[in-house]
Structure formats: C-alpha cells, structure tokens
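Student: Please take a close look at a single charged residue in this model. Set out its place in the chain and its surroundings, with the whole chain as background.

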Amino acid sequence: MEKIVEQAVAVIGMEKYTSNVVSAGHELLADEPMELGGADKGMNPFSLLAASLATCTTSTLRMYADRKQWPLEGVEVKVTLKRNDVFQGMLIDKEVHLKGILSPEQKARLLDIAEKCPVQKVLTGEIKVNTVAF
C-alpha cells in the first residue's frame, strides 16, 4: 500500500533553467548555475537534495534531544555530494557538529540518531521512480 508523504510541483517556462517550485504551501526558485547555462537564481537540484538531508538531520536531532531533555544547544550539519567513478554513483559525506555540554554517551547516541533521519532512510533504501507523461 502506498501513502503520499509529500508532493512538489516544479514549473519551468522559456527562461533557462529557472523553475518555480511549490510544496507544502511554500514556494521557491530552483535554477542551474551559470556554468551550466542557468541564471543561478536559486539552488540547483543537487543543492536541494543536500539541503534536504542536512535539514532532516538537524530537525531529527533537535526533536530527539528535546524529547530526552538533553542540553543540545545547536546542530550544524554539512552535507557534501560527490560523484564516485569507482562505483559510478554518488557518495554523500555528512558531518555533524553538536553544540552543548553533552556526555560522550549522549554524543554517541545523537550520532546514531543522525543516521536514522527519514530522508537518509529514503536515500539509503530502495527507490523506484515511476514517470508518466500527460
């Protein structure tokens, strides 16, 4: 059984390569960088992917620490996407910086939780894309 988790609609006109994107009642511009012919008016698709993983991780850690009432003052997550010619795919590096006076056990648990954010589960699980044209 399938359950819709989220939907996004991207619309592009004649302007290279700026898309208007709407999802969950929010709107943003996505574009390609100038070196690819775009106008660099917004994040490119890979930037949006990296941002999705980074923000999912920060939110997941914030929620977990709040539930546990741990003294997590802040989280910074840096996500780097790399092309990998060895296995002809994508390598994702994720650096998690925890701020606050946390015990080694709390830090270890938070790093474990960082691996379990929903977006990471999608990226590391099986993905199928069904494309239909109208």
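Tutor: Accessible areas here come from the Shrake-Rupley method with a 1.4 Å probe. The model is predicted, and on that footing the chain has an accessible surface of about 10200 Å², with 56% of that area belonging to carbon and sulfur atoms. Of its 134 residues, 24% count as buried. The chain has a radius of gyration of 18 Å, whereas a compact globule of 134 residues would have one near 14 Å. Its C-alpha atoms fill a box of roughly 55 × 40 × 35 Å along the principal axes.

The secondary structure consists of 3 helices and 5 strands, in the order β-β-β-α-β-β-α-α from the N terminus. Among contacts with a separation of 6 or more, 32% are between residues 24 or more positions apart.

The residue to look at is D31, which lies in the loop between β3 (26-30) and α1 (45-68). D31 is buried, yet has no salt bridge. The side chain of opposite charge nearest to D31 is that of K41, 6.0 Å away; a salt bridge would need a side-chain nitrogen of Lys or Arg within 4 Å of a carboxyl oxygen. K41 is nonetheless in contact with D31. Leaving aside neighbours within four places in sequence, the contacts of D31 also include K16, Y17 and T18, as well as G38, A39, D40, G42, M43, N44 and P45. Of these, P45 falls within the span given for α1 (45-68).

Key. Residues numbered from 1 in each chain as written. Predicted model: local features only at pLDDT ≥ 70, side-chain atom pairs only at ≥ 80, totals over all residues. Heavy atoms only, no water. Helix = DSSP H or I, 4+ residues; strand = E, 2+ residues; numbered from the N terminus. Buried < 20%, exposed > 50% of the residue type's maximum accessible area, 1.4 Å probe, protein only. Lys, Arg positive; Asp, Glu negative; His and termini not counted. Contact = heavy atoms within 4.5 Å. Rg over C-alpha atoms; globule rule 2.2 N^0.38 Å.
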